[in-house]
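Work through the exercises below with the sequence and the three-dimensional model side by side. Try each task on your own before you read its solution.

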Amino acid sequence: MKIAYIIPGFRESTKQEKYKKITRGLRKKGFIPINVKIKWKYKTMSNYVNQFLKKYQHHDNQSCIIIGFSFGAMIAFIVSSKINVKEIFLCSLSPYFKEDLPRLKKTWKRDVGKKRIKALENYSFGTIGKKIKCKITFLAGAKEGNIILKRINEAGKKLSNGKVYIIKDVGHDISNEKYLNELLKKIK
């Protein structure tokens, strides 16, 4: 039995059409998709991680994958340092790790909020990455913007178990057909 957990982006829901398309694509590949509902309001990263862990059921690590988009990719990255899975698919990984915070635009920080930014100081990409044993697939659109592309390219270089795929002519948009097709092509 192949299981795929899907974690949406910040303030998004897996009930949105873009995640339903991922779910349908996974079913065609023989996966049982499990949509993870994240309660975003008034919560921080530790809350999001705990919400996922409550939903997660222990599976044979060779049959379980996690897919996360943007902030959901951060959640997938962090939880994969705590559980054993076959592979994680980090789509447009958000650059909100401790190492990224000094580079963030003020508008990005304001959008996420002071409380979340303060809590994110506890999440070091380097420290967490050392604990991850599974295969990591990073996907991003070529038009994501420098901060996101820098985070993903640095991640790919630092983690020997990671591989980066940049999708041409796509921005921060997992609903784009090119993005969706590339994601589903990488999932085995």
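The exercises go from the whole chain to one helix, then to single residues and a pocket.

The model is predicted, so local features need pLDDT of at least 70 and side-chain atom pairs count only at pLDDT 80 or more, whereas totals for chains, interfaces and linings use all residues. Residues are numbered from 1 along each chain as its sequence is written, and side-chain values use heavy atoms, with hydrogens and water left out.

**Exercise 1. The whole protein**

Describe the order of helices and strands, and decide whether the radius of gyration agrees with that of a compact globule.

Solution. Begin with the secondary structure, where helices (H or I, at least four residues) and strands (E, at least two) are DSSP runs numbered from the N terminus. The protein has 8 helices and 6 strands, and along the sequence they follow the pattern β-α-β-α-β-α-β-α-α-α-β-α-β-α.

Next, take the radius of gyration, which is computed over C-alpha atoms and compared with a globule rule of 2.2 Å times the number of residues to the power 0.38. For 188 residues a compact globule would have a value near 16 Å, and because the protein has 15 Å, the two agree. The C-alpha trace spans about 45 × 35 × 35 Å along the principal axes.

Finally, look at burial and contacts. Buried residues, those under 20% relative accessible area (exposed means over 50%, partly exposed in between, with a 1.4 Å probe and protein chains only), make up 55% of the 188 residues. Taking contact as heavy atoms within 4.5 Å, residues 24 or more positions apart account for 69% of the contacts with a separation of 6 or more.

**Exercise 2. Helix α7 and two of its residues**

Check the span of helix α7, and then find out what surrounds R151 and I148.

Solution. The expected span of a helix is 1.5 Å times one less than its number of residues. Helix α7 (residues 146-158) has 13 residues and should therefore span 18 Å, which agrees with the 18 Å between its end C-alpha atoms.

The buried residues of this helix are I147, I148, L149, R151, I152, A155 and G156, and what covers them includes α4, α6 (125-129), β5 (135-141) and β6 (162-167).

Now turn to R151, which counts as buried because its relative accessibility is 0%. Not counting residues up to four places away in sequence, R151 touches L93, S94, P95, F97, E99, D100, R103 and F125. R151 and F97 are 54 residues apart along the chain, while their C-alpha atoms are separated by 9.1 Å.

I148 is also in helix α7 and is buried, with a relative accessible area of 6%. Leaving aside neighbours within four places in sequence, I148 is in contact with L93, P95, W108 and H172.

**Exercise 3. Two positive phi angles**

Decide for Y42 and for S70 whether the residue is buried or exposed, and locate each in its loop.

Solution. Start from the general expectation: most residues other than glycine have a negative phi. Y42 is not a glycine, yet has a positive phi of about 60 degrees, and S70, likewise not a glycine, has a positive phi of about 60 degrees.

Y42 lies in the loop between β2 (31-35) and α2 (45-55), and because its relative accessibility is 66%, Y42 counts as exposed. S70 lies in the loop between β3 (64-69) and α3 (71-79), and with a relative accessible area of 10%, S70 is buried.

**Exercise 4. The largest pocket**

What volume does the largest pocket have, and which residues lie nearest its centre?

Solution. First, fix the term: on a 1 Å grid over the protein atoms alone, where a 1.4 Å probe is used, a pocket is an open set of points with protein on both sides within 12 Å along at least five of seven lines, and lining residues have an atom within 4 Å of a point. Grid points are joined across faces, edges and corners, and a volume is the space filled by probe spheres set on the points.

The largest pocket has a volume of about 260 Å³. Of the 14 residues that line this pocket, S70, S94, Y96, D111 and H172 lie nearest its centre. Helix α4 (residues 106-112) gives the largest share of the lining, 3 residues.
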